[in-house]
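User: Please take a close look at one part of this model and tell me what surrounds it and what ties it to the rest of the chain. A connected account would suit me better than a list.

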Amino acid sequence: MVPSWPVLLLLTTATMGQKIQLTQRNNHANISDLLDNLLRGYDNSVRPDFGGKPAVIEVDIMVRSMGPISEVDMTYSMDCYFRQSWVDRRLAFHGAQDTLALSISMLARIWKPDTYFYNGKQSYLHTITTPNKFVRLHQDGRVLYSSRLTIKAGCPMNLEDFPMDVQRCPLKFGSFGYTTTDVVYRWNQKRQVAIAEDMKLSQFDLVDCPAENVTDTVLHGDTANQPTHKARIAEYSMLLVNFHLQRHMGNFLIQVYGPCILLVVLSWVSFWLNREATADRVSLGITTVLTMTFLGLEARTDLPKVPYPTALDFFVFLSFAFIFATILQFAIVHYFTKYGSGECYFSAEDFNTDSESESDDERTPLKSGGGVKAKQQATVNVSNGASMFEVIPLSVCSIPPTPTKTTRRSFLEILCCRKSVEKDTIYAMTPSPAGTVTFQRSSFSAAVAAEGSVRRQRRRRRQMPRFNSVSKIDRASRIVFPLLFLMINLFYWYSYLTRSSRFPKSSALGT
């Protein structure tokens, strides 16, 4: 009886499954036998080609991310794939497969280089969820050993140009125990240091990463207690890569440079305040000084205590010096603000806002020595509500008979004029019903004093005092301070930006 086609299909599928399982078992058996044969008599404590040429270790690095970069500790961190490749002819094999992907347990059974990071501070291998490393074996005995590492290495920084600096952070590694006679490190010719295309740094730009081969020379032996011929010089093969990091300035322009410039400009507001406003100008100067001090201390929080000033320190000190100079400028202005320099001060006895009390005081004669020795008179005509002054030659100053709010300025001018007369001259003002004011004067010599008074009044009229006057020093400072600050800033930015040798971004980083 001929079986039906469903039965034939089931028989065929079962037969193929048995063949596949048999093939897999044979492959597994072959690989296991192959590895057992390779490792039979294998000594992992002896390097490849022992006694012959040194083993060449080819290295390449794939950088996935960098950071943080600390100026305080002078360190940087990076996450990378660290690949090492070498030829061990004891592991060469012949088979259908060109490459064998081995378990990480094989690493303990084969020889591998004792690579260490010369300037490493705290590095570790990722172990989540399993140790992130693998081993591949080629037919010619070449072993590829790759692992994912996070490396924290030292980076000696020169912060003289901070924050316009370009730092060169090295990564140096090599064999810990093998000299150049046993192990030599070389960069992979196809790829040395590759940077991930999506890698970004918050505060820096990675502009270049040149790699090179170096050799360290170490002197073995105690040269102090042993003869010189017993000391031995050993050379160790090393690989070096320098990461050139260019710092971003945007954060510092927003947090330090911008506020410093605004504080300096704010301190110049005092040049437009009257020099009589002592409290306002002093409080403005002290406030800006204290704010500048706090800003300068805050700017150095994330910096180490280096013994030299940085570019940021120079700018903060420059801003502080300009603000401090503004306070000194006001001290000089205030020192020269005296009577006779354009200012006129009044006391409560000289001027009362109450017009009635002013009228009563003006109608009361002033006497000296118990009586009036001599009298000189001057009249002032008042018509149509306006003050029409008619000065008699013997007069010195003239005012309206009853000063009101509309004529207060004239009254102030006369008071100021009256204060400028010599101290031994006394006046009494007596209004008359006819609309005139009579000045009565007592002096030592009426004729001589009258003639001198006329000359002095003409001089005073030509040099009338100016109220709320502006100092010439303030007027000059409004121009000198901004121009000087602008010139120093141009010199500052030009010198530091050209001295820091800032690089253009390299296009070879993405390769």
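Analyst:
**Strand E1 and its surroundings**

Tyr 335 is exposed because its relative accessibility is 54%, where exposed stands for over 50%, buried for under 20% and partly exposed for anything in between, with a 1.4 Å probe and only protein chains counted. That residue belongs to helix H4, which covers residues 311-335, and it serves here as a surface reference before we turn to a more enclosed place. The model is a predicted one, in which local features need pLDDT of at least 70 and side-chain atom pairs pLDDT 80 or more, while totals for chains, interfaces and linings use all residues. Numbering starts from 1 along each chain as its sequence is written, and side-chain values use heavy atoms, without hydrogens or water.

First, a little background. The chain contains eight helices and 17 strands; these are DSSP runs (H or I for helices, at least four residues; E for strands, at least two), numbered from the N terminus. Of its 511 residues, 39% are buried. Contacts, meaning heavy atoms within 4.5 Å, are often long-range here: 77% of those between residues at least 6 apart in sequence join residues at least 24 apart.

Now to the part itself. Strand E1 spans residues 55-70, and Asp 60 sits in it. Is Asp 60 buried or exposed? With a relative accessible area of 4%, it is buried. What does Asp 60 touch, once residues up to four places away in sequence are set aside? Its contacts are Tyr 81, Phe 82, Arg 83, Trp 187, Asn 188, Arg 191 and Gln 192. Asn 188 is a nice illustration of how the chain comes back on itself: it is 128 residues from Asp 60 along the chain, and yet the two C-alpha atoms are separated by 5.7 Å.

Charge pairing adds to this picture. Asp 60 forms a salt bridge with Arg 83, with their closest N and O atoms 2.9 Å apart; the term covers a side-chain nitrogen of Lys or Arg within 4 Å of a carboxyl oxygen of Asp or Glu. Those two residues are 23 apart and connect distant parts of the chain, with Asp 60 in strand E1 and Arg 83 in strand E2. Arg 83 is buried too, since its relative accessibility is 15%.

Strand E1 has another such link, through Arg 64, whose salt bridge with Asp 198 has its closest N and O atoms 3.9 Å apart. Arg 64 is in strand E1 and Asp 198 in the loop between strand E10 (193-195) and strand E11 (204-208), so the pair ties together parts 134 residues apart in sequence. Here the setting is more open: Asp 198 is exposed, at 56% relative accessible area, and Arg 64 is partly exposed, at 33%.

In all, the chain has 11 salt bridges by this rule. One of them joins Asp 88 and Arg 90, whose closest N and O atoms are 3.0 Å apart; Asp 88 is buried at 1%, and Arg 90 is partly exposed at 31%. Returning to strand E1, Asp 60, Arg 83 and Arg 191 belong to one network, joined by salt bridges that share partners.

Strand E1 also has a backbone feature worth finding on screen. Pro 68, in strand E1, follows Gly 67 through a cis peptide bond with omega of about 0°. A second cis bond, between Phe 162 and Pro 163, has omega of about 5°, and Pro 163 is in the loop between strand E7 (142-154) and strand E8 (166-175).

The loops on both sides of strand E1 deserve a glance as well. Asp 49, in the loop between helix H1 (5-39) and E1, has a positive phi near 55° and is partly exposed, at 42%. Met 74, in the loop between E1 and strand E2 (75-87), also has a positive phi near 55° and is partly exposed, at 23%. For context, most residues other than glycine have a negative phi, and most peptide bonds are trans.

Finally, Pro 68 is one of the residues in contact with Tyr 76, whose other contacts beyond four places in sequence include Met 66, Ile 69, Leu 171 and Phe 243. Tyr 76, Met 78, Leu 171 and Phe 243 have the most contacts inside the largest nonpolar core, which has 82 residues; such a core is a set of buried Ala, Val, Leu, Ile, Met, Phe, Trp, Tyr and Cys residues joined through side-chain atoms within 4.5 Å.
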